Amino acid sequence: MLKVLGVTVVTGLALSLLLPAGTSVADAEEGYESKSALEVTPLGKRYEDSFPIGAAVEPYQLEGIHGEVLKRHYNSIVAENVMKPINIQPQEGNFNFEEADKIVQFAKENDMDLRFHTLVWHSQVPEWFFLDGEGNPMVDETDPEQRERNKKILLERLETHIKTIVTRYKDEVDAWDVVNETIDPYASNDRGLRESKWYQITGTDYIKKAFETTRKYAAEDAKLFINDYNTEVEPKRDYLYDLVKDLLDQGVPIDGVGHQAHIQIGWPSIEDTRESINMFTGLGLDNQITELDVSLYGWPPTPAFANYDEILASGRLFDQAERYNQLFELYEELDDKISNVTFWGIADDHTWLDDRAEDYNNGVGKDAPFVFDPNFNVKPSYWEMMDYNLNEMRILIGDFGQDGEFENYGTARSLQAHLDSVINFEDKGETEKAIDHMDKFIKKLENERENELISESAFGTLKQNSTYLLRQWQ
């Protein structure tokens, strides 16, 4: 599908990748203005008929530019870290809700859906959960009777943890990540169950207890999710499917599967993603995309770009844009099976993938997984997601006319007439003629600018729209 940008896309080195041969970045930047995320159509509005669009946040991001971008583009929110067990209850009986409360309040004030992440996880959980009454590690216990007592103690602690949290946030949380990352395809057991301390002490009873307790205290319409990564690929997908099916058969109240979607430009395939969502739907379950980011790298993430300028110069952002286009076309296709799509961050200034890139590249590495850059400007991925087309570009010209961006009505009508020729040949599949008439449209646009019949802002927007379309065709 051909795309058209609603406003300016990129500047600098990345812009050179959009330009015809012989055009310099300096020439291209003249009269152009990089568009802030605060000046463009909200992501949430684009997908409002399909699913909420969410972002993971830290409390400091609720203010300033982060907070403004959140309020404009996202209608769902989740805590990146502050709701995990080690932050909520670092010592037994000592619950710390201060930071979590900030996110809950922000969601409430801005009419956002709220996801809770996460009640149970093998990581970022305080060690006291797994110590017996004498302070000894429960996993080291060999006496069968004591092991059974330890199991009971651990499940009681889990129940208290969940009851306290869920009761506090019952009226605010729409979706609970009840248990996170229960599957490890490389585990020694034949079910692919992660052999965490939870599992070593209780088997799968901790999963049952977690869901049963959450269901008991959560709001009636709140959905309970089992959340994991690599849910799109075998054998992990199959292990998770078998576990969930078994738990459902036992009456465990699971409402849906959270697909983290920490993915790459080329992996996993769209077909594998579709198959996974359909598999879990077949169990009568909801699906949510819970931690979406699209890394620029394969696995391992080496070599990595040293900084953002290198990323812009590489052209990789356009590959990423096409990936986002494919993903969101799929998500819309399956929007009756997907109730939320949440990014694991707001913009490229803050992402856990930077830490991963640095870890694998001797402390130097930068990733760029989102649709807004580190300066909160739109990236090509944003426009692919927004799915504009030539007809919407025609409407955009009319909007510019109404907003006084042209000297007179005739300017807008003349530009629309030139664009109608492009649309005519594009509809007929005559690409070469469409390109020729888009060139004529651009020349007309430049003439109007020289005659001061169009504002610099409207000119820059329409010029880059046209340039982007030409790249798509060519």
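Helices and strands are here runs assigned by DSSP, with at least four residues for a helix and at least two for a strand, and they are numbered from the N terminus. On that basis the protein has 19 helices and nine strands. Keep in mind throughout the tour that this is a predicted model.

**The whole chain**

Begin with the entire protein in view, turned so that you look along its principal axes in turn, where the C-alpha atoms fill a box of roughly 90 × 45 × 40 Å. A compact globule of 474 residues would have a radius of gyration near 23 Å, and the protein has 25 Å, which agrees. If you colour by burial, 54% of the 474 residues are buried. Of the contacts with a separation of 6 or more, 77% are between residues 24 or more positions apart.

**Stop one: Glu291**

Select Glu291, which the UniProt annotation "active site", from an unreviewed entry, covers. You will find Glu291 in strand β8, which runs over residues 286–295. Is Glu291 buried or exposed? Its relative accessible area is 5%, and because buried means under 20%, Glu291 counts as buried.

Now show the surroundings of Glu291, leaving aside neighbours within four places in sequence: its contacts include His117, Asn180, Asn227, His259, Gln260, His262 and Trp344. If you display the side chains, you can find a polar contact of 3.1 Å between Glu291 and Asn227.

**Stop two: Gln260**

From Glu291, move to Gln260, one of the residues in contact with it. Gln260 sits in the loop between β6 (256–259) and β7 (262–264), yet it is buried, with a relative accessible area of 2%. Which side chain does the side chain of Gln260 meet in a polar contact? The partner is the side chain of Asn180, at 3.2 Å. Beyond four places in sequence, the contacts of Gln260 also include Glu181, Asn227, Asp228, Tyr229 and Thr290.

**Stop three: His117**

His117 is another residue in contact with Glu291, and selecting it takes you to strand β3, residues 113–121. His117 is buried, with a relative accessible area of 2%, and its side chain makes a polar contact of 2.9 Å with the side chain of Asp177. Among the residues that His117 touches, with those up to four places away in sequence not counted, are Val78, Glu80, Met83, Asn180, Asn227 and Trp344.

**Stop four: the nonpolar cores**

Next, select Trp176, Leu292 and Phe328, the residues with the most contacts inside the largest nonpolar core, which has 94 residues. Helix α7 (residues 144–169) gives the largest share of this core, seven residues. To see the surroundings of one of these residues, centre on Trp176, which touches, among others, Phe116, Leu119, Ile165, Val166, Tyr169, Leu224 and Phe225, not counting residues up to four places away in sequence. A second, separate core has 25 residues, including Phe400, Leu445, Leu470 and Trp473.

**Stop five: helix α18**

Leu445 of that second core is also among the buried residues of helix α18, together with Ala434, Ile435, His437, Met438, Phe441, Ile442 and Glu448. Select residues 431–450 to show the helix, and ask how far apart its end C-alpha atoms are. At 1.5 Å a residue, the 20 residues should span 28 Å, and the end C-alpha atoms are 29 Å apart, which agrees. Just after α18, pause at Glu452, which takes a positive phi of about 60 degrees.

**Stop six: Ile86 and Tyr186**

Turn to Ile86, in helix α5 (residues 85–88), which is partly exposed with a relative accessible area of 36%. Leaving aside neighbours within four places in sequence, Ile86 is in contact with Gln124, Val125 and Pro126. Draw a distance from its C-alpha atom to that of Asn96, ten residues away along the chain, and the separation is 9.6 Å.

Finish at Tyr186, in the loop between β4 (175–180) and α8 (197–202). Tyr186 has 75% relative accessibility, so it counts as exposed. A last distance to draw runs from Tyr186 to Asp171, which are 15 residues apart in sequence and 39 Å apart in space, C-alpha to C-alpha.

Technical notes. Residues numbered from 1 in each chain as written. Predicted model: local features only at pLDDT ≥ 70, side-chain atom pairs only at ≥ 80, totals over all residues. Heavy atoms only, no water. Buried < 20%, exposed > 50% of the residue type's maximum accessible area, 1.4 Å probe, protein only. UniProt positions renumbered as here; feature names shortened; annotations may be inferred. Contact = heavy atoms within 4.5 Å. Polar contact = N/O pair within 3.5 Å; in protein donor to acceptor, adjacent residues only side chain to side chain. Core = buried A, V, L, I, M, F, W, Y, C linked by side-chain atoms within 4.5 Å. Expected span 1.5 Å × (residues − 1). Rg over C-alpha atoms; globule rule 2.2 N^0.38 Å.
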